[in-house]
Structure formats: C-alpha cells, structure tokens
Amino acid sequence: MPEFSLSVQFASDADDLPSRAQIRRWVAATLEHPAEITVRIVDADEARALNRDYRDKAYVPNVLTFEYGEIGHDEAGRGVLGGDVVICASVVEREAREQGKPLQQHYAHMTIHGILHLQGYDHIEPADADLMESREAVILKRFHIPNPYLS
C-alpha cells in the first residue's frame, strides 16, 4: 500500500456520515500511488458552487475530484499525487435511498470513485468506463459491498 496523508473534513450537518476511519480505509484500499489527499463532505450549496465555479455546471454533483497531479516526491523518489475529493452528503443520501442501497456502502463507492479519478481514471470513453467500473467493483468487494453497476 502506498504511503499517503489524508485530511478528512466534515462541512455538512447530515446524519450518518462515515467516520474518518472508514474514509481512511476506503482511500487506502484504492490508492496505487503515494498521495496527499483531502476528502471533504459538504452540503448541496457548497457542492453546487464548486461545480459551477470549477466545471461550469449548474447542478449538485454526488462527487467532485480536483486533481493537482504530482505535487512532489517521497523519500524513495516516487511521485506524490495531490488532490481533493468533495462528496455531497444530500446527493449521496438521495441516491442511496433511490437505489435501495445502504448509505455507508454508497459513501464507500463515491469515495473510491473520487480517489480513482484523482489517479487518472475516467469514464468518458466506454473502454475507460469499463476499466474504472471494474476497478471500483474489485475494491468494493474487499469491503463486502456488491458491484453497484450490477444492481
């Protein structure tokens, strides 16, 4: 497992947020590179503003990833990735309810999804989406969470 530093920020008053320890386990299971990461859980207003200001999109997203690329090197000379993952609590809660999924499982999925984006995975092209989704499914399985793309 690559070394990483993680800051977890709770900027939402939503109920049933995942713990810092849960988020740390999800991030650790997903990382393929050394990294410095912030995971921030926010309410709809902040998520909408970030999506508008940085992506020119006028909706509230479930997760946003801000990739900063390689921000330095570790003691072994490996590149250290930097980035922020922003998760909107109200959207994750709504999606979990609509999809009939346990809330913590959906938080795990959104965290893993965001961390994969930070490492360069995307889902724009079908082949890339297949790769990213299969990677998500493998990581989620480690936590006994079913493949979200099969339900």
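# A walk through the structure, starting at one histidine

Let's begin with His113, a residue placed in helix H4. Before going further, keep in mind that what you are looking at is a predicted model. Is His113 buried or exposed? Its relative accessible area is 11%, which is under the 20% cut-off, so His113 counts as buried. What does it touch? Setting aside residues within four places in sequence, His113 is in contact with Val63, His123, Met132, Glu136 and Tyr149.

Now step back and look at the whole chain. The protein has 5 helices and 4 strands. If you follow the sequence from its start, these elements come in the pattern β-α-β-α-β-β-α-α-α. The C-alpha atoms fill a box of roughly 45 × 35 × 35 Å along the principal axes. For 151 residues, a compact globule would have a radius of gyration near 15 Å, and this protein has 15 Å, so the two agree. Of the 151 residues, 44% count as buried. Contacts also reach across the sequence: among those with a separation of 6 or more, 61% are between residues 24 or more positions apart.

What lies inside? In soluble globular proteins, nonpolar side chains tend to be buried together. Here the largest nonpolar core has 30 residues, and Val27, Ile37 and Ile87 have the most contacts inside it. Several elements give two or more residues to this core: strands E1 (4-11), E2 (35-42) and E4 (79-88), together with helices H1 (20-30), H3 (89-99), H4 (103-118) and H5 (126-142). The largest share, 7 residues, comes from H4, the helix where we met His113. Val27 is a good place to see the packing up close: leaving out residues up to four places away in sequence, Val27 touches Phe4, Leu6, Ile37, Val39, Thr111 and Ile115. Apart from this core lies another one, of 9 residues, including Ala47, Phe66, Val86 and Val91.

Let's return to H4 and compare it with H2. How many residues of H4 are buried? The count is 13 of its 16 residues, and the helix is mostly covered. Its length can be checked too: at 1.5 Å a residue, the 16 residues should span 22 Å, and the end C-alpha atoms are 23 Å apart, which agrees. Just after H4 comes Gly120, with a positive phi of about 100 degrees.

For H2, the buried residues are Ala47, Leu50 and Asn51. Seen down the helix axis, they fall within an arc of 100 degrees, so they line one face of H2. This fits a simple rule about helices: an α-helix has 3.6 residues a turn, so residues three or four places apart point the same way. What covers these buried residues of H2 includes E2, E3 and E4. The length check works here as well: the 12 residues of H2 should span 16 Å at 1.5 Å a residue, and the end C-alpha atoms are 15 Å apart, which agrees.

H2 also takes part in an aromatic pair, and the structure holds 1 such pair. A pair of aromatic rings is described by the distance of the centres and the angle of the planes. Tyr54 and Phe66 sit edge-to-face, 5.4 Å centre to centre with 80 degrees between the planes. Tyr54 belongs to H2 (residues 44-55) and Phe66 to strand E3 (residues 63-73), so the pair links parts of the chain 12 residues apart. The two partners differ in their surroundings: Tyr54 counts as exposed at 59% relative accessibility, whereas Phe66 is buried at 16%.

Strand E3 also holds Ile71, which is partly exposed with a relative accessible area of 43%. Leaving aside residues up to four places away in sequence, Ile71 touches Glu36, Val80, Leu81 and Gly82. Ile71 and Glu36 are 35 residues apart along the chain, yet their C-alpha atoms are separated by 8.5 Å.

Finally, look at two backbone details. Most residues other than glycine have a negative phi. Asp56, in the loop between H2 and E3, instead has a positive phi near 55 degrees. His144, in the segment after H5, has a positive phi of about 60 degrees although it is not a glycine. Are these residues buried or exposed? Asp56 counts as exposed at 72% relative accessibility, and His144 is exposed with a relative accessible area of 72%.

Definitions and conventions: Residues numbered from 1 in each chain as written. Predicted model: local features only at pLDDT ≥ 70, side-chain atom pairs only at ≥ 80, totals over all residues. Heavy atoms only, no water. Core = buried A, V, L, I, M, F, W, Y, C linked by side-chain atoms within 4.5 Å. Buried < 20%, exposed > 50% of the residue type's maximum accessible area, 1.4 Å probe, protein only. Contact = heavy atoms within 4.5 Å. Phe/Tyr/Trp six-rings, centres within 6.5 Å; stacked < 30°, edge-to-face > 60°. Expected span 1.5 Å × (residues − 1). Arc of directions from axis to C-beta. Rg over C-alpha atoms; globule rule 2.2 N^0.38 Å.
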